[in-house]
Amino acid sequence: MSKDKIVIRVLMVVGIVISIYSCVDPEALNDTDYSEWLSGGSQTVFDNGAGGFSSAFPHLAAEREKVHSIGDGAFGQTFVTAPAPQNPGLGPIFNNVSCTSCHINDGRGKPPLPGEQLSSLLIRISIPGTDVHGGPNPVPGFGGQLQQRGVFGAQPEASVRIDYTEKSYTFADGTPYSLRFPTYTLENPYTTLPAGVMLSPRVAPPVFGLGLLEAVDEADILALADPDDRNDDGISGKPNYAWNVVEGKMTLGRFGWKAANPSLLQQSAGAYNEDMGITNFVFPHESATGQPQYDGRDDEYEVSDSLLHSVAFYIRTLGVPARRAADDAAVLQGKKLFVDGKCSQCHVPRLRTKTDVAFPEISNQVIFPYTDMLVHDMGPNLADNRPDFDATGVEWRTSPLWGIGMTRIVNGHQNFLHDGRARTLLEAIMWHGGEAEASKEFVRTLSQDDRDKLIKFLESL
Amino acid sequence: MKKSYLQYLLAGAALVSLSNCSDNDNASPVNEELNTQVLLDFSANLPQAVYSDLSAKTSTLYDQVVALGANGATDDELAATRATWKQARQAWEQSEAFLFGPVSTKDIDPHIDTWPVNFNDLNAQLTSGNAFTEDYINNLDDALKGFHPIEYLIFGENGAKKAADLSERDMEYLTALALNLKTLTADANNSWKPSVSGNYHTIFTTAGKGSATYATQLAAYQELVNAMAGICDEVANGKLDEPFTAQDPSLEESPFAQNSIIDFTNNIKGVQDVYLGKYSTDGKGLEDIVRQYNLQLDSDIKAKIDNAINALGKITDPFGKAITTQAMQIETAMSSINDLKDILETELLPFVQQHTK
């Protein structure tokens, strides 16, 4: 054991002793309550500022910290047109130029403001039917994702116009609220778009804590599923199974807005390939292959295996921000409303990661992600009407809520849901429908004071 | 961004002890009046003053670029333009010590300071007949606009460009880029101006007093210290370490103007300025809070800032060359800056957790 480690262990003990002895009231150290401060278990981080999503696991072995740091560097690298000495291979068509230009501060993207370019939101596309693995059926000439930008001389696939229509509603106490309904139109396609193209707009989700979600035992997730609603509670979470490119078989989907992605490696590799036009060993062919924009540069992987693994490792080992004000009276009342409204039926507060002797940092942790990792019918208003493996056009994965209260400080906005249509947390709740209709109705009938407490609770996550 | 283990233990212990104790009689003293003043002075003297300075300098840069094109450029005029570019860089690099708020969340940072430059597309732009309207430049990829493409156009490879080398297309593109930089830095300046609606000055300085973003003053102080430590990490373990470890001069960020070491030094001077609460004007800073309770910590932090700046000063070759010729000086600079980062994370951060609320 190095001197540093001894010092650290002594400090840990001192820290614990101080925290125990500094408290007159022994009941404050209730084990369950104490854990809830630590959303990411022992991989909880205590930066509650703009960098709150960007901290490595605090307990990471030195050699792993090095890999994390290499991945961190790669995550920020801007790709440019090949050939070039640094980061060649961008495009020829793409959505963005680096990981971080969508996942700003490792956080949440948003739809563009009027006059802004589409940046941290992309459009998945498909036509009816499925591909050979049961996934979305790619659009001839366009593929499965729309690239709305191109390097010099390469024509983007199309541009995207977003229009919003406001609709007015009222809470039971008479307070009005409004939701903006988006419509997405593809303009100036480089070639004719076939009829019946289905669009699924998606903002970049935050990327912290994902290693812990990847480490939740599949059996624990399946135990939460109730696809036929046998318990008759109106909620029928179901697992999505997606094609695992690395393993060459269908496996449980965990990531993405419809849980159609089975692993962080595949997620990262897919983003390199589709979002930036960067080929890699998982997805070796340019997204523009077969299209006129294709530049014929399939000769070598544009991101190396080791860098790709490092980037996947980087997002696997980003820690989860600690709760703020978790013991505040209003927050605790808000939490009770969250449970009473059955929000916690899908946004399951507590999960445990499986034991993993090869990766002790993520092994056997009690975490508080507020998700069941399952897909649910969210009603017609939220539907994209585009199936994605087993997830139908009305189903979405329960989004983790941990860290959601820090969106404002990290990303400077309050845009939520798959396409950022909600402009506040309360709007996001009021968009819920389908299996969550009763929960939304519960919130609709709350008093202003109770609505405030519910939001306060969410902001403490 | 990587942070040390120790920081979390200390922060964690502080959080646990704070959260467990609603009525701790032994709480550390908190001078709320001073703490409020330091946030106000920070906003006025750092982001407001630095972005205003940056905005003024890029405005001058634009005027000079326009004049270059109009008069038929002389080498003296080009030299003056280069000098202004370097002055604008100085303000920008110092501002990187507080890279939070709209400059980060609204992407102003990558719009004006992306590396590497996309040279293939840049050259293609120059040989194309495209009109470089404001909208056109605005929609260009970040690797085609901002400080570094401007640097490339006015310095040239190896800094060898002469005024006579500036083609008409060079000038058209350069003028459009300078205008875009001027506009974006004006946005940065406006984003902290108290008179502008939605400004970050109000959001930051009302911490703990109604700010929806900063629930406590402690949160604002953690933001400051983490930003200071963050730029130290970036300089030591990114900007210095990556080209050095790879022994690859093409990884250097500002090769045309040979401005890299000056950039790094200004990053650390930015940390110093945040600590002192001064840029052009001196006000109350973190220094004043620290000096009230812990003179030793104050002198330790100042010594480490000086060490870091001095160590960078010992790198006398251009950085791209120094990675092979001055390995020892670079190693010393990296370790001095990491020392500064460590004291900020392991001593100043726990200190503000004790003395702000």
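## A tour of two helices and two cores

Select helix α14 of chain B: Leu297(B), Asp298(B), Ile301(B), Ile305(B), Ala308(B), Ile309(B), Ala311(B) and Leu312(B) are its buried residues. The model on display is a predicted one. Colour α11, α12 (260-276), α13 (286-293) and α16 (327-355) of chain B next, since the buried residues of α14(B) pack against these helices. To check the geometry of α14(B), which covers residues 295-313, place a distance between its end C-alpha atoms: they are 27 Å apart, which agrees with the 27 Å that 19 residues should span at 1.5 Å a residue.

From here, turn to the nonpolar interior. The largest nonpolar core has 154 residues, and those with the most contacts inside it are Tyr272(A), Phe100(B), Tyr173(B), Phe204(B), Leu240(B) and Leu348(B). Helix α11 of chain B (residues 217-246) gives the most to this core, contributing 14 residues. Centre the view on Tyr173(B). Leaving aside residues up to four places away in sequence, Tyr173(B) touches Leu122(B), Leu126(B), Phe132(B), Ile137(B), Leu140(B), Leu144(B) and Leu153(B). A second, separate core comprises 48 residues, including Phe142(A), Phe171(A), Leu337(A) and Phe338(A).

Two of these residues lead to the next stop. Leu337(A) and Phe338(A) are among the buried residues of helix α8(A), together with Ala330(A), Val331(A) and Gly334(A). Look down the axis of α8(A): the buried residues fall within an arc of 115°, so they line one face of the helix. In general, an α-helix has 3.6 residues a turn, so residues three or four places apart point the same way. On the face of α8(A) turned away from the buried side, select the exposed residues Ala329(A) and Lys336(A). Then show α11 (437-444) and α12 (448-459) of chain A, which are included in what covers the buried residues of α8(A).

Now inspect the ends of this helix. Helix α8 of chain A occupies residues 329-340, and its 12 residues reach 17 Å from first C-alpha to last, close to the expected 16 Å. At its start, a side-chain oxygen of Asp328(A) comes to within 3.0 Å of the backbone nitrogen of Ala330(A). Just after the helix, Lys342(A) takes a positive phi of about 65°.

Finally, zoom out to the whole of chain A. Its secondary structure comes to 12 helices and 16 strands. The radius of gyration of chain A is 22 Å, close to the 23 Å given by the globule rule for 461 residues, so the chain is as compact as a globular protein of that length. Its C-alpha trace spans about 70 × 65 × 45 Å along the principal axes, and 57% of its 461 residues count as buried.

How values were computed: Residues are numbered from 1 along each chain as its sequence is written. Chains are lettered from A and ligands numbered from 1 in the order in which they are written. This is a predicted model: local features need pLDDT of at least 70, side-chain atom pairs count only at pLDDT 80 or more; totals for chains, interfaces and linings use all residues. Side-chain values use heavy atoms; hydrogens and water are left out. Helices (H or I, at least four residues) and strands (E, at least two) are DSSP runs, numbered from the N terminus. The expected span of a helix is 1.5 Å times one less than its number of residues. Buried means under 20% relative accessible area, exposed over 50%, partly exposed in between (1.4 Å probe, protein chains only). The arc is that of the directions from the helix axis to the C-beta atoms. Contact means heavy atoms within 4.5 Å. A polar contact is a pair of N or O atoms within 3.5 Å; within protein, one must be able to donate a hydrogen and the other to accept it, and residues adjacent in sequence count only if both atoms are side-chain atoms. A nonpolar core is a set of buried Ala, Val, Leu, Ile, Met, Phe, Trp, Tyr and Cys residues joined through side-chain atoms within 4.5 Å. The radius of gyration is taken over C-alpha atoms; the globule rule is 2.2 Å times the number of residues to the power 0.38.
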